[in-house]
There are 2 protein chains.
Amino acid sequence: MQLKELSEQSGVSAASIKYYLREGLLPPGAAVHATRAQYSAQHVERLDLIQALRRIVGLNIEQIRGILRMADDGASRLELLAAVQRVVLELDSYATVSGEVGTRPADAVVRLRGWPDSPSDARNALNAHLELMESVNIRVPGELLDTYSKAMDDVAGVDIAATTAPDSVDELILTAAVGMHMHSQLLLRLLALAQASHAIRRYEQDA
Amino acid sequence: MQLKELSEQSGVSAASIKYYLREGLLPPGAAVHATRAQYSAQHVERLDLIQALRRIVGLNIEQIRGILRMADDGASRLELLAAVQRVVLELDSYATVSGEVGTRPADAVVRLRGWPDSPSDARNALNAHLELMESVNIRVPGELLDTYSKAMDDVAGVDIAATTAPDSVDELILTAAVGMHMHSQLLLRLLALAQASHAIRRYEQDA
DNA sequence: GGCTTTAGGATAGAGCCACTATCCAATGCG
DNA sequence: CGCATTGGATAGTGGCTCTATCCTAAAGCC
């Protein structure tokens with residue numbers, strides 16, 4: 001198919017497709033001639049992925065480019081997962097907490113859960129965030145971290161098990177990124193509901 | 001104090017303060033004369049709040065204005081909490097899932113946890129989100145929802161207990177919004193770590 | 001009393017981002 | 001043969017949050 005049809009099938013305007021081509025998000029089609037190129041189903045899939053990462057997960061062009069480039073360079077599933085995580089976690093690194101990152105709390109969690117031991121970005125991000133929370137006086141008692149990590153362990157188990165056979169790299173990225181985002185939003189909504197409930201109980205009591 | 005000093009104390013540029021005044025985020029100072037106004041410590045506090053909501057929580061001007069207006073109109077703590085939740089939850093209502101909102105799953109959670117019964121925005125948001133997840137084929141088994149809600153129940157308990165005596169409305173908003181955001185980010189990081197761990201185990205096994 | 005500084009008001013511009021539109025020459029397709 | 005389409009280039013749009021400039025009037029200070 002050529003550009004116009006690709007646009008129709010993906011629901012992305014021809015102008016935007018050109019933009020993505022320029023930005024290196026979408027690989028160029030097979031150039032039949034100087035003024036004619038053929039696009040495939042993979043291009044449609046890629047466009048779907050780009051759309052999802054933009055509109056659902058909220059990544060920007062540069063972040064998407066980074067991930068896709070890795071995918072196209074034949075990165076492993078683990079590497080891709082790590083890349084997706086890096087980007088999603090840094091969505092708002094409002095303050096790059098630097099300084100000596102005490103690896104304590106995350107290590108404890110890892111030990112407690114019996115997770116494989118490897119000092120990852122995810123672990124650093126967790127430690128940095130815990131420091132940040134402490135610095136703004138939000139207490140995170142050990143038991144809470146325990147409860148949280150247990151819950152997350154359960155999700156991850158379900159998630160990874162479900163992600164058995166990703167047909168394509170694009171699909172792997174899609175499920176990883178969208179899944180993380182969806183679960184995170186789900187938790188946020190549950191937290192809101194829980195908070196509202198607790199607040200109601202408390203303030204009614206006061207009154 | 002006057003504008004310049006307010007700017008120095010809050011770390012917000014004079015131009016931005018003027019902008020916030022124009023946008024109705026910051027109440028005008030007490031006009032001593034046509035060309036002189038006095039600002040108070042409350043103005044500094046308000047600016048801190050605005051900064052936090054912008055930079056940490058990532059709200060836009062209109063969202064902040066809405067919350068602050070409620071606060072200044074003397075809304076109750078519950079109303080304010082609800083308003084904050086509404087805004088934070090809608091941060092990315094990528095798809096306003098409408099239609100007959102089956103109140104089933106959230107109701108079950110509420111019953112299970114023994115939360116006070118009131119059909120709230122939070123509950124609707126949860127139901128809508130669960131529908132959305134289902135529509136993109138992300139399974140959320142009942143046990144998972146159970147685990148999640150238990151964890152969130154624990155946090156909310158700690159949170160609300162800690163938020164005993166907010167000295168000012170601004171502080172209440174600050175702790176609510178920042179707290180929600182921080183916990184949500186914490187969970188996201190834990191999820192990332194858990195996923196990475198599970199993925200490592202799984203893929204190592206495969207290899 | 002004059003000089004500098006500041007307030008408030010208005011308006012315009014900057015900078016970023018993700019597009020979107022226009023123009024072009026070259027060329028394939030019917 | 002001629003219309004439509006392509007890749008390539010470039011410029012413009014719209015939303016958002018500031019930031020900068022200009023102005024007049026008045027206060028503070030010596």
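Here is a short, friendly walk through this predicted model, point by point.

1. **Chain A on its own.** A good place to begin is the fold of one chain. Chain A contains nine helices and two strands. Following the sequence from start to end, the order of elements in chain A reads α-α-β-β-α-α-α-α-α-α-α, with the two strands coming after two helices.

2. **How chain A is packed.** Chain A has 207 residues, and 48% of them count as buried. It also helps to look at which parts of the sequence meet. Taking the contacts in chain A between residues at least 6 apart in sequence, 61% join residues at least 24 apart.

3. **Two copies and their symmetry.** How do chains A and B relate to each other? Chain B can be superposed on chain A by a rotation of 180° with 0.0 Å of shift along the axis, and the RMSD is 0.1 Å. The two copies are therefore related as by a two-fold rotation axis. The same surface serves both copies, since 100% of the contact residues of chain B recur in chain A.

4. **The interface between the chains.** In this pairing, 74 residues of chain B touch 74 residues of chain A. Between them the two chains bury about 7200 Å², and 74% of that area is on carbon and sulfur atoms. On the chain B side, B:Y148, B:R189 and B:Y203 lose the most area to chain A, together accounting for 10% of what that side buries.

5. **Who surrounds DNA strand C.** Now turn to the DNA. There are 22 residues around strand C, and the ones that come nearest are A:R54, A:N60, B:L3, B:T35 and B:A37. Both protein chains thus appear in that list, because A:R54 and A:N60 belong to chain A while B:L3, B:T35 and B:A37 belong to chain B, with near meaning a heavy atom within 4 Å. Sorted by class, the surface near DNA strand C has eight nonpolar, seven polar and seven charged residues.

6. **Backbone or bases?** Which part of DNA strand C lies within 4 Å of the protein, sugar and phosphate or bases? Of the strand C atoms in that range, 75% belong to sugar or phosphate, and the rest belong to bases.

7. **Three side chains to look at.** Some individual pairs are worth finding in the viewer. An N or O atom in the side chain of B:Y39 is 2.9 Å from a phosphate oxygen of DNA strand C. The side chain of B:K4 also has an N or O atom by a phosphate oxygen of that strand, at 3.1 Å. For B:K18 the partner is a base nitrogen of strand C, again 3.1 Å from a side-chain N or O atom. The elements giving two or more residues to the surface near strand C are α2 (14–23) and α3 (41–56) of chain A, along with α1 (3–10), α2 (14–23) and β2 (36–38) of chain B. The largest share, five residues, comes from α2(A).

8. **An unusual backbone angle at N137.** One last detail appears in both chains. A:N137 is not a glycine, yet its phi is positive, at about 65°. A:N137 sits in the loop between α7 (121–135) and α8 (142–162) of chain A, and it counts as exposed because its relative accessibility is 70%. In chain B, B:N137 likewise has a positive phi of about 65° without being a glycine. B:N137 is found in the loop between α7 (121–135) and α8 (142–162) of chain B, and its relative accessible area of 70% makes it exposed.

Notes: Residues are numbered from 1 along each chain as its sequence is written. Chains are lettered from A and ligands numbered from 1 in the order in which they are written. This is a predicted model: local features need pLDDT of at least 70, side-chain atom pairs count only at pLDDT 80 or more; totals for chains, interfaces and linings use all residues. Side-chain values use heavy atoms; hydrogens and water are left out. A polar contact is a pair of N or O atoms within 3.5 Å; within protein, one must be able to donate a hydrogen and the other to accept it, and residues adjacent in sequence count only if both atoms are side-chain atoms. Helices (H or I, at least four residues) and strands (E, at least two) are DSSP runs, numbered from the N terminus. Ala, Val, Leu, Ile, Met, Phe, Trp, Tyr, Cys and Pro count as nonpolar, Asp, Glu, Lys and Arg as charged, and the others, Gly among them, as polar. Copies are superposed by least squares on the C-alpha atoms of residues with pLDDT of at least 70 in both. Contact means heavy atoms within 4.5 Å. Buried means under 20% relative accessible area, exposed over 50%, partly exposed in between (1.4 Å probe, protein chains only). Buried area is the accessible area (1.4 Å probe) that two parts lose on being put together, summed over both.
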